[in-house]
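Here are my notebook entries from a session of looking things up in one chain. I kept them terse, so follow along with the model open.

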Amino acid sequence: MIKSIINNLSNVSLSKKRGRFLSDKSYGYDTVFFIAKLILRNCDGNKFNKQKLRPKAISFIEDIFNLSPGTAGAVNYFVETLNLLDFGNILEKEGRNTYKIVRKDILEYICENPENAYIFIYLLTFYTYKNDGLLGLLNKYCQTKDISEKEKIIYNIFNIFQKKSISIGATGSNWSKQLVKYSLIIFGYVNNQYYLTRTLKIKPQKITIEDVSLNVKGTRTPDHLPKKNDYIQSFSIDYVLGQLEPYLFVKSKIDPAKTVITKSLASDLADLKLDIFNFNAVDGVGDIYDQKQFNEFENNIRRRNPSIQSAFRKNLLKHNNKFCSICKFTFEKFLIAGHIKPYTMCDNTYDAINHFNGLLLCPNHDKLFEGAKYMTIDSSSGKIILNDTAKCSKDFITLDGQHIDKRMVHCERKHYLRWHNEQFYKQNT
Ligand SMILES: [Zn+2]
């Protein structure tokens, strides 16, 4: 695949297309990774409409880069990422808002994992510099330790860039500084082991997938968890080095055993986000919920909103098998859309309407599960746990210790089940 990418990049040059792609925004490889996924999931054959992807892309970018909603930054990241893919001959701009996907295979390669997005960006930068006669200077920059020598090299790169592309701006302008700075970073990361970009300051804290599921749009990140793209702590530098070995300036010893990559948390996070976006888009959650109404109480009890309850049930039926999660009872009219964290205790409409905060249950099992008194489902294993009273019933005893379908637990639902488990143990000690 790398050979095929290189063939595709054989003519990239700043003089041929816009040179702005070398800005910092393009180097958010995690953004490239996500937007590639977004494109593939939303394209119509080999075309897609930029405007249609825009709100989802921007929402994701605001989230992972921790930008306040509505800042111009997020829009720039999105546009720059499309420019980058255009510059790399993967996309071709056709009209004001339409793009053609020229190399779907490369887009798919990028989507395999975030490291591949990084590898693509590295190669794109490498071949741009090569084709514009800058590779020697860059190589020298990475080899030299003398600071004043490094500064001279940077100045030379500025000048050559400026002659190549009018969109770069004057030498010394912020724009030209960024162009050089971020390409040096992308090379420096693997060649000199600098930090990659400001988006890849890795924290050592270990995060599990259930924590990741909390960190998505519409949910709140608890204070004890790191924010946003700090989750991309599993970035595998060995894999990247293994793939890029022939293109490194500084040779490093790579252990072939370490060059295999496993699915990372970043991938799971991106998939989860796409699922949630999908869920919102399809069901028009924004139209039917009303936070103001949600905050109305009657005798200290939250007033139910029938449209929220019906959307919740619809979502639950749509995203799950249409049977009781415990016993597979199927008569749809009797199936109950039960909240795990009850409607009246939800903090906001997101929790109230989120199908992950629910289980489809037959009337008996709904009664058993309701209020976390008689039964709960373990949030990590999916094991059914009964209290002593329920265990005394010959109708229920056989359920104890059985497991529900693990797919029901290995998702955002885990977060709500954990709450349910706590309530259960509080009432049964
Ligand atoms: Zn049942």
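**Entry 1: ground rules.** I call two residues in contact if their C-beta atoms, placed from the backbone, lie within 7 Å. I count residues from 1 along each chain as its sequence is written. I am working with a predicted model, where local features need pLDDT of at least 70, side-chain atom pairs count only at pLDDT 80 or more, and totals for chains, interfaces and linings use all residues.

**Entry 2: alanine 372.** I started in the loop between helix H17 (363–369) and strand S8 (375–377), the place of alanine 372. Helices here are DSSP runs of H or I with at least four residues, strands are E runs with at least two, and both are numbered from the N terminus. Which residues does alanine 372 contact, leaving aside its neighbours within four places in sequence? I found His420, Gln423, Phe424 and Gln427. I also checked glutamine 427 by C-alpha positions: it is 55 residues from alanine 372 in sequence and 7.9 Å from it in space.

Is alanine 372 buried or exposed? My cut-offs are buried for 20 or more other C-beta atoms within 10 Å of a residue's own, exposed for 12 or fewer, and partly exposed in between, with C-beta atoms placed from the backbone. Alanine 372 has 21 other C-beta atoms within 10 Å, so I noted it as buried. I also wrote down its phi, which is positive, near 55°, in a residue other than glycine.

**Entry 3: lysine 328.** I found another positive phi at lysine 328, about 65°, and this residue is not a glycine either. Lysine 328 is in the loop between helix H15 (306–319) and strand S6 (336–339). It has 10 other C-beta atoms within 10 Å, so I put it down as exposed.

**Entry 4: glutamate 412.** I looked up this charged residue in the loop between helix H18 (388–391) and helix H19 (413–427). Glutamate 412 counts as buried because it has 20 C-beta neighbours inside 10 Å. From C-alpha to C-alpha, I read 9.5 Å between glutamate 412 and asparagine 354, which are 58 residues apart in sequence.

**Entry 5: S6 and S7.** I moved on to strand pairing, which requires DSSP to find at least two bridges between two strands. S6 and S7 run antiparallel and are joined by four bridges. Isoleucine 336 stands opposite leucine 361 in S7. I then looked at both faces of strand S7 (residues 358–361): Gly358 and Leu360 are buried on one side, and Leu359 and Leu361 are buried on the other.

**Entry 6: the three-stranded sheet.** I traced an open, antiparallel sheet with the strand order S1-S3-S2. Its edge strands, each pairing on one side only, are strand S1 (47–49) and strand S2 (91–93). I noted an average turn of 30° between neighbouring strands, direction ignored. For angles in general, axes are lines fitted to C-alpha atoms, for helices over the stretch in contact, and values run from 0 to 180 degrees between N-to-C directions.

Three bridges hold the antiparallel pairing of S1 with strand S3 (residues 98–101). Phenylalanine 48 has tyrosine 99 as its bridge partner in S3. Helix H4 (residues 72–87) packs on the sheet, where it touches S2 and S3, and its direction makes about 110° with that of S2.

**Entry 7: two helix pairs.** Helix H2 (residues 29–42) packs with H4 at about 75°, and their axes are 10 Å apart. I therefore call H2 and H4 roughly perpendicular. The labels are roughly parallel under 35 degrees, roughly antiparallel over 145, roughly perpendicular from 65 to 115, and oblique for the rest. Thr31, Val32 and Ile35 of H2 make the contact with Tyr77, Thr81 and Leu84 of H4.

How do helix H7 (residues 135–143) and helix H8 (residues 147–164) cross? Their axes come within 9 Å and cross at roughly 160°. H7 and H8 are therefore roughly antiparallel. On the H7 side I listed Leu137, Lys140 and Tyr141, which meet Lys150, Ile153, Asn156 and Ile157 in H8.

**Entry 8: whole chain.** I closed with the totals: 19 helices and nine strands, and 38% of the 429 residues counted as buried.
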